[in-house]
Structures are given as C-alpha cells and as structure tokens.
Amino acid sequence: MTVTGTYLPAGLPAPAPRRDGLDGPYWDAARRHELVCQRCSACGGFQWGPEWICHDCLSFDVGWQPVAPHGRIFSWERAWHPVHPVLREACPYVVVLVELPHAGGVRMIGNLIGEPRQQITIGAPVDALFEDHDDVDPPYTLIQWRTSDDPR
Amino acid sequence: MRRCVNAAAVAVAARTGEAPVVANSLRGRVAIAGIGESPYYRRGESPDPEFVLALRAILAACEDAGIDPRQIDGFASYADDRNDPARLAAALGLADLRFSNMQWGAGGAGGSGAVANAAAAVATGLASCVVVFRALAQGQYGRFGSAPKTSRVSGEAALTFPYGVFSPAQTFAMRGQRLLHERGVSREALRAVALASYHHAQRNPRAVMRGRPLTPEAYDSSRWIVEPLRLFDCCLETDGAAALVLVPAERARDLAQPPVHLLAAAIGAAYRDTAPAHNAVEYASACFRTLAPRLFEAAGLSPADVDVVQSYENFTPGVVMALVEHGLCEWEEVNDFFRVENLIAPDGRLPLNTSGGNLAEAYTHGFELQVEAVRQVRGTSTSQVPNAKVALVTSGPMIAPTSSMLVGTAEAVA
C-alpha cells in the first residue's frame, strides 16, 4: 500500500545508499514498493542491518529476499521533544520497532502511521506502507507501518 | 615464552588445543593516585574551551597525586575525545610520551575501558604514569540532544534518522520501553534513580544541579522527552572534564594520597549486542551480561562485596538493567530494590551515583563517575558511604562494548 503525503515533514535528512553498495538492494526494492531483507545464500539465515558477511556461518554469499510486508510491534516510542528544526510542529510522533516473523525475527525501525496519540500495544500486528519521497533528488521511499486490520 | 598467571588453564589448553583462559591480572597492580576535574558548567557557560577544560582536569589530577605533570608518560581516553595526546604532550612539554590510547566505539560505554587500557599499560611497564580523561564541552561543539545538521545520511543512520530517531534519548527510549514491557519495571523504579542522583547532588558543591532538588511530584509532572523517558530520566548536557592518574601500585604508596587500588576492569559485548539498527538479540539489556562475571572473577570478589556503585545513567532504564546484570539485584526484586531510600548514602542498601552523576552533577560522558568511585574509597565523598572499601563503576548501558571497573582500599587487595 502507498501513503499519500509523508508522516514527518519534509526537510529531515534523506537516506542515501552507502557508497560501497552494501544496502543498495534494500533502497532499490523500497522504490519498487517491496520489502527485502538480507538472507544468507549458504545457510538461509536472515540478517539486519545489512552486512557483507553472514554472522551465522561467515559466508560472504549474502543475498536479498523479498519479505511479506507484515510484522509485530516489538517496541515503540513517542517523541515529544523536537530535536530537529523541522520537527517543531510535528511532535508528538510515533516510532515503532517492528519484528518480522517472516524474516527470522529481524527488526526494522519505522513510523506508525495514524493518530500520534493512539494507544500502542507491543505485539500488535502491523503492515508495511511505502512512503514515496518523489520530489527530492534523488527520490527515495521509506517503509512505514500501520496497525493491521487483519487479526493474524 | 607467554607469561600466564593460570598455569592450570594453560595445561588444559595444551590438551584441548583451545586458547588458554588467562586470568585478568590487574588486581592490586595499579593504583589511582590522583583525581581531577575542571569546574562543571551548564552547557555553553564554560569560559574555557574544551581543550583548556581537559588541561585543567589533568593538572588538577596531578596536583592531587603530588606528581609533576612532566612525569605523565601516557594518555587514554574514549568516545573519540577531541583532545588528543599529541596536542596534550606538546602543550604540557612531556619528555617521553609512551602510551597514546583510544578505546574504540560506544561513547560513554568506554569510560572504564579506557581505565582498563591504561592499567594494562601500567601493569606491563609500557608506561608508568598514565592519565585517563574525558573532556566534553557541548556548548562549544554542539548538543548531543540535537540532530546533526546534514541533508543526507547513509549506513545505519539512513535506517533511523529519516524516521525522526536522531538523539541518544530517541535511540535508547526504544530499549527502555521494551524493558518495561518484558520485565514489568515500574515508573517508580526509574524515578528512584533520578531522585537518588538529585539527592546526592544537593550535597555536592561541584554539581550543576545543586540547589535544584527534585521531588517525586516534579519528576512525575516533568515533560516527556520521548516516551517512556521524561526530562529527569535523561542525562545533562554540560561543559566539563575529569581525569585520573594511574601509576604502579608500589609507586602510589609514596605519593600524596592514600592509594586507591584497581581491583579489576573489563570490557565486553556479548553475541550480537552490537548488531546494527536495533537488532541486538537480547534487546532489553544493558549489555553487561558477559562482562560482569569476568569482572568479579578477576577481582576475586562477588557482587555482595560492593559497598557503593556509580552507574552510568544516559537514561534511567539503563541503570536498572546495569545493576541487575552486575548481580546487585534480581529481576524479581527490581521494583522493591529501586526505592530512593535504598539508593542514597549513607545508609541505603546500595548507594548509587553519590556525586549526582550524569543526571545531576555533570555529564563528562560519565567520567565523573570514575572520580567519585575513587572519592568513596578514599572516604572523601560529599555523600560518603561509611567504610566503603569497594566501589563499582559501570560504563555505558545499552550500547556495547560496555565496560566496568572495581576499585578498593589497600585492605581490599590484601
């Protein structure tokens, strides 16, 4: 699913792929509205954040695998103090740490789209949303989360 | 030939082909002969630049020890301190700089690690008079609590900054929330950490929060910085510097102060504690799980021997986890243990952060905690624990590698 507009205001630092190419496939996939995660081609283990070697079997043959865009809230926070000038009118906002059961339980950070004062429950199911930032150069897409309607 | 204090371990290793387990041999070999601090200022109020604060702390530590600063032959620091030994050695006219060391990574978690590194140099004769210090002027170089002025980020920051996760508070609130969920830690337990620090700061003329006592009501009504952290759960942003002088234990006997002995110092990061982007396997952890048993074993002590603890408080949840992981209380008793009456000198069950620490004295990236541990063993704290013989310092919860140290009286190493 795609978001209309952005959760946080424009002007925050934009993500740029690393110059060494390590995380390029993640950012490219996000542009295609696809969630991917590192998965070792040798042992099948998932890994996040990206690294050049599999921490489980030490193979350098670490690939990328599409992951179902569903997770569970592992932890969360609600930011009230603006630490960046563009956030002065945007607090509070909610950040969630989402555990991905379909990717070996790796965790990813994102915002929880919706009412910022909403009650948040650890363990609640969430679905990924793809937030396009098309009017910046180069454009990028952030993976965001919303509470799932599907009581998995 | 490799010298090893544990011949039995080597014999076992020879049979099994595994690396020998060599006991940490710092115990009783290195003394902290001097302590020094610059004045502590609220952020931006220091009349001196950071380098001058570093010099003031170093010279104060030498004066305290009764050592000519020209005898310094080594420096150790952490957290990418900007005041590097080359500049210091030139500025101080040192004759023979033998040791120049930086503990890598993890910010304030390196404080006791820098002491460990310096002590290793002193114990092995690489150097004989090493200053360990940290100087941090957030007025001059920018607040830790502000987002960096950058338009693009890559690597791990690209996975957090665009979501509004910039500051240490925003980084560690996530772990704190998980702790409260997993372990049922109460808000009152976090509050007790802040109340103890502010209580001790009222007695400490160096503390920037002296004269500003904290009540439970003021804590409860303080603003959220980032849930679950309120204002008073967060460390200060200040200008200041702190330093220790380390020498061989036998040399310390002839110096100005009663020597405070290093009993052990250890550095640690358990399996995947340092995994990027909030993927540490044991997430609701302060990251002392493998370090703490090694620390006490090296010192020949148990957690019950600790008389007073200085525990790095970037944010209060980390202190709860740090004390549990050091074996000072059990998870099941956390909410009962973390009551302010248990945590304050002179009579508390385990007095905590007796100078006010990072929350209420000053934020020298935690190194004021090392200085206060020495004061407690000397018997000169402004919130003294009677007959304190062993003091523990834990550096840097929730970010690894962490480090910890134990210091004690001559009696503690006898």
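These questions and answers walk through a predicted model, taking chain A, its contact with chain B, and then a strand of chain B.

Reader: What pattern does chain A follow along the sequence?
Author: Chain A has one helix and nine strands. The order is read along the sequence, and it is β-α-β-β-β-β-β-β-β-β.

Reader: Why is chain A called as compact as a globular protein of its length?
Author: The globule rule gives 15 Å for 152 residues, and chain A comes close to that, so it is as compact as a globular protein of that length. Its C-alpha trace spans about 45 × 40 × 25 Å along the principal axes. The radius of gyration behind the comparison is 16 Å.

Reader: Among contacts in chain A between residues at least 6 apart in sequence, what percentage joins residues at least 24 apart?
Author: Burial is a separate count: buried residues make up 37% of the 152 residues in chain A. For the contacts, the pool is pairs at least 6 apart in sequence. The share of that pool joining residues at least 24 apart is 54%.

Reader: Which element gives the largest share of the side of chain A that touches chain B?
Author: The contact takes 32 residues from chain A and 36 residues from chain B. On the chain A side, the elements giving two or more residues are β1 (14–15), β5 (70–79), β6 (93–100) and β7 (106–111). The largest share is six residues, and it comes from β5(A).

Reader: How many nonpolar residues does the side of chain A that touches chain B have?
Author: Sort that side by class. Seven residues are polar and four are charged. The nonpolar count is 21.

Reader: Which residue stands opposite A79(A)?
Author: Look at the pairing across the chains. β5(A) pairs with strand β7 (residues 224–227) of chain B, antiparallel, over two bridges. Opposite A79(A), in β7(B), stands V226(B).

Reader: Is strand β13 of chain B largely enclosed or open?
Author: T402(B), S404(B), L406(B) and G408(B) point one way from β13(B), while S403(B), M405(B) and V407(B) point the other way. Both sets are buried. That is seven of the seven residues in 402–408, so β13(B) is largely enclosed by the rest of the structure.

Reader: Which residue in β13(B) is the bridge partner of L392(B)?
Author: β13(B) pairs with strand β10 (residues 260–268) of chain B in the antiparallel sense over seven bridges. There, A265(B) has M405(B) as its partner. Strand β12 (residues 390–395) of chain B also pairs antiparallel with β13(B), over six bridges. In that pairing, the partner of L392(B) is L406(B).

Reader: Which residue in the turn between β12(B) and β13(B) has a positive phi?
Author: The two strands form a hairpin with six residues between them. One residue in the turn has a phi of about 80°, and it is G396(B).

Key: Residues are numbered from 1 along each chain as its sequence is written. Chains are lettered from A and ligands numbered from 1 in the order in which they are written. This is a predicted model: local features need pLDDT of at least 70, side-chain atom pairs count only at pLDDT 80 or more; totals for chains, interfaces and linings use all residues. Helices (H or I, at least four residues) and strands (E, at least two) are DSSP runs, numbered from the N terminus. The radius of gyration is taken over C-alpha atoms; the globule rule is 2.2 Å times the number of residues to the power 0.38. A residue is buried if 20 or more other C-beta atoms lie within 10 Å of its own, exposed if 12 or fewer, and partly exposed in between; C-beta atoms are placed from the backbone. Two residues are in contact if their C-beta atoms, placed from the backbone, lie within 7 Å. Ala, Val, Leu, Ile, Met, Phe, Trp, Tyr, Cys and Pro count as nonpolar, Asp, Glu, Lys and Arg as charged, and the others, Gly among them, as polar. Two strands pair if DSSP finds at least two bridges between them.
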